[in-house]
Amino acid sequence: MNCDKEPIKKENLKPDNNTENISWHDFEKVDMRIGTIIAANDFPKAKNPAYQLEIDFGPLGIKKSSAQITSLYTKEELIGKQIVAVVNFPKKQIATFMSECLVMGVYGDDKDVILLNPERKVENGSKIG
């Protein structure tokens with residue numbers, strides 16, 4: 001059910017012709033967890049506008065991520081926000097910053113990233129299943 005004011009564009013619902021089917025075993029390899037953003041800073045050296053985030057994943061510790069979410073979110077409103085992230089990708093160098101996880105989101109109408117988050121507050125580190 002779409003509760004947002006803006007309608008969902010049909011092209012965002014169409015399957016991507018480049019999408020390859022994966023097995024259940026492949027899916028089980030992706031470790032998606034809930035974390036709470038505890039710090040958000042500007043990232044002036046990034047190619048595209050982005051924030052440097054510090055995210056608390058409870059028993060997994062604090063991980064850093066770069067996220068291109070500056071058009072929809074202020075640094076202040078991100079603090080304390082729970083998000084979904086993939087935590088088992090290898091670290092990735094982005095300019096002078098080492099990203100340790102991938103924050104998940106949905107591309108909106110203007111290609112802005114809308115963060116995925118749980119409906120209710122849950123424990124940091126909770127596994128998505």
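**Pocket, ring pair and hairpin**

Biologist: Which strands each supply at least two residues of the lining of the largest pocket?
Modeller: Keep in mind that this is a predicted model. Several strands chip in at least two lining residues apiece. They are β3 (62–67), β5 (92–94), β7 (102–103), β8 (105–107) and β9 (113–115).

Biologist: How much space lies in that largest pocket?
Modeller: Rolling a probe the size of a water molecule over the atoms shows where empty space is left. For the largest pocket, that space comes to about 690 Å³.

Biologist: Which residues that line the largest pocket are the closest to its centre?
Modeller: The lining takes in 27 residues, and by class it has 16 nonpolar, seven polar and four charged ones. The closest to the centre are S66, A67, Q68, I94 and L102.

Biologist: Is the aromatic pair of W24 and F27 stacked, edge-to-face or tilted?
Modeller: Both residues sit in helix α1 (residues 24–28), three residues apart, about one turn of the helix. Their rings are 5.3 Å centre to centre, with 45 degrees between the planes. Stacked needs planes under 30 degrees apart and edge-to-face needs over 60, so this pair is tilted.

Biologist: Why does W24 count as exposed?
Modeller: F27 has a relative accessible area of 34%, so it is partly exposed. Exposed takes over 50%, and W24 counts as exposed because its relative accessibility is 60%.

Biologist: What is the bridge partner of E54 in β3?
Modeller: Strand β2 (residues 51–56) pairs with β3 in the antiparallel sense over six bridges. The two form a hairpin with five residues between them, and G58 in the turn has a positive phi of about 60 degrees. Across in β3, the bridge partner of E54 is K64.

How values were computed:
Residues are numbered from 1 along each chain as its sequence is written. This is a predicted model: local features need pLDDT of at least 70, side-chain atom pairs count only at pLDDT 80 or more; totals for chains, interfaces and linings use all residues. Side-chain values use heavy atoms; hydrogens and water are left out. On a 1 Å grid over the protein atoms alone, a cavity is a set of points where a 1.4 Å probe fits but cannot get out, and a pocket is an open set with protein on both sides within 12 Å along at least five of seven lines; lining residues have an atom within 4 Å of a point. Grid points are joined across faces, edges and corners, and a volume is the space filled by probe spheres set on the points. Helices (H or I, at least four residues) and strands (E, at least two) are DSSP runs, numbered from the N terminus. Ala, Val, Leu, Ile, Met, Phe, Trp, Tyr, Cys and Pro count as nonpolar, Asp, Glu, Lys and Arg as charged, and the others, Gly among them, as polar. Rings of Phe, Tyr and Trp (its six-membered ring) pair if their centres lie within 6.5 Å; planes under 30 degrees apart count as stacked, over 60 as edge-to-face and the rest as tilted. Buried means under 20% relative accessible area, exposed over 50%, partly exposed in between (1.4 Å probe, protein chains only). Two strands pair if DSSP finds at least two bridges between them.
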